[in-house]
Amino acid sequence: MHLFPYRSLAVAGLIAMACGVSPVSSAACPNIPTSLEISNCAKPQNWSDLNNIVASNSRVVLCPFTIILTNDERPLKLNQQHEIICANEGECVIEGGKTQLKILSASASVSIHGFTFKEATKSAVIVTAPSEQSFCYTTFDSNDGARGSAIRGAKGTELFISQSSFVRNGAKLGTVFSEGKVEAVDSAFEDNFSTIVSEF
């Protein structure tokens, strides 16, 4: 388990603004999908289809897909409780666009499992919901953004990150930037860069 105060993490890629950041209290990854869930996985055909599938299910197992976004397409917005799981870890790929996912309302508690968020230009994931969100077995690759190229968390948010990879992301301030609580477990930060490095 790694808990990150603000001053020490610009180089490592994760910045939590509040010093003495405490762990996320009851964080956990979603239950792994059953063989029945995997055999009945939902296959999104496009971005609109993915939005509709997620909106209509509190827990959904998705078949592998790759969806490439343009800068005109709006992010997937989540305002409720969701467990969104890829049947094959790393093979549910969202690529391009500005921001790919927003977790917004106070009632939203979201678990993402086995996704790849790639080449977003304005933070792949933005979290403003003052509740617990988890990212497990998820990859953030080659994203960009001013504050948090992979994940940006607002004040009051709780981010739990487990068994995830952050590679080749670039930002002014951190691959993961949060003004709330952050707990990162067994996750790798490799070849990320920040253009502003905090002073000790």
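1. The largest cavity first: it holds about 50 Å³ of space. This is a predicted model, so treat that volume as a computed value for the model. How many cavities of 30 Å³ or more does the structure hold? Just 1.

2. What lines that cavity? The residues are Leu 50, Leu 76, Ile 84, Ile 94, Leu 101, Ile 112, Phe 115 and Phe 117. Sorted by class, that makes 8 nonpolar residues, with no polar and no charged ones. If you want to place some of these on the fold, Leu 50 falls within helix H2 (residues 47–55), and Ile 94 falls within strand S6 (92–96). Phe 117 sits in strand S9 (115–118), as does Phe 115.

3. Now the largest pocket, which has about 160 Å³ of space. Its lining counts 14 residues, and the closest to the pocket centre are His 82, Glu 83, Ser 109, Val 110 and Ser 111. Three elements give two or more residues to this lining: strand S5 (81–86), strand S8 (109–113) and strand S11 (132–136).

4. Which classes make up the pocket lining? There are 8 polar residues, 3 nonpolar and 3 charged. Set that beside the cavity, where the lining has 8 nonpolar residues and nothing polar or charged. Worth keeping the two sites apart in your notes.

5. On to the sheet. Six strands form an open sheet in the order S3-S6-S9-S12-S16-S20, and the pairing is parallel. Strand S3 (65–69) and S20 are the edge strands, each pairing on one side only. From one strand to the next, the twist averages 10°.

6. Walking through the sheet, S6 and S9 run parallel and are joined by 4 bridges. Here Val 93 stands opposite Thr 116 in S9. Next along, S9 pairs with S12 in the parallel sense over 3 bridges, and Lys 118 has Asp 141 of S12 as its bridge partner.

7. The next pair is strand S12 (residues 139–141) with strand S16 (residues 165–167), again parallel and with 3 bridges. Which residue in S16 is the bridge partner of Phe 140? That is Phe 166, so to speak a Phe-to-Phe pairing in the backbone ladder. When you look at side chains along these strands, keep in mind that in a regular strand they alternate between the two faces of the sheet.

8. Helix H2 (residues 47–55) lies across S3 and strand S6 (92–96). The angle at which H2 runs to S3 is about 115°. So H2 lies across one edge strand, S3, and also supplies a residue, Leu 50, to the cavity lining.

9. Two backbone spots to look at. Glu 119 has a positive phi of about 60° although it is not a glycine. Its place is the loop between strand S9 (115–118) and strand S10 (125–127). Is the residue buried or exposed? Glu 119 is partly exposed, with a relative accessible area of 36%.

10. The other spot is Asp 186, also not a glycine, with a positive phi of about 50°. You will find Asp 186 in the loop between strand S19 (181–185) and strand S20 (188–190). Asp 186 counts as exposed because its relative accessible area is 52%, and the cut-off for exposed is over 50%.

Terms used: Residues numbered from 1 in each chain as written. Predicted model: local features only at pLDDT ≥ 70, side-chain atom pairs only at ≥ 80, totals over all residues. Heavy atoms only, no water. 1 Å grid on protein atoms, 1.4 Å probe; cavity = no way out; pocket = protein on both sides within 12 Å on 5 of 7 lines; lining within 4 Å. Points joined across faces, edges and corners; volume = space filled by probe spheres on them. Nonpolar A, V, L, I, M, F, W, Y, C, P; charged D, E, K, R; others polar. Buried < 20%, exposed > 50% of the residue type's maximum accessible area, 1.4 Å probe, protein only. Pairing = 2+ DSSP bridges. Axes fitted to C-alpha atoms, helices over the stretch in contact; angles between N-to-C directions. Contact = heavy atoms within 4.5 Å.
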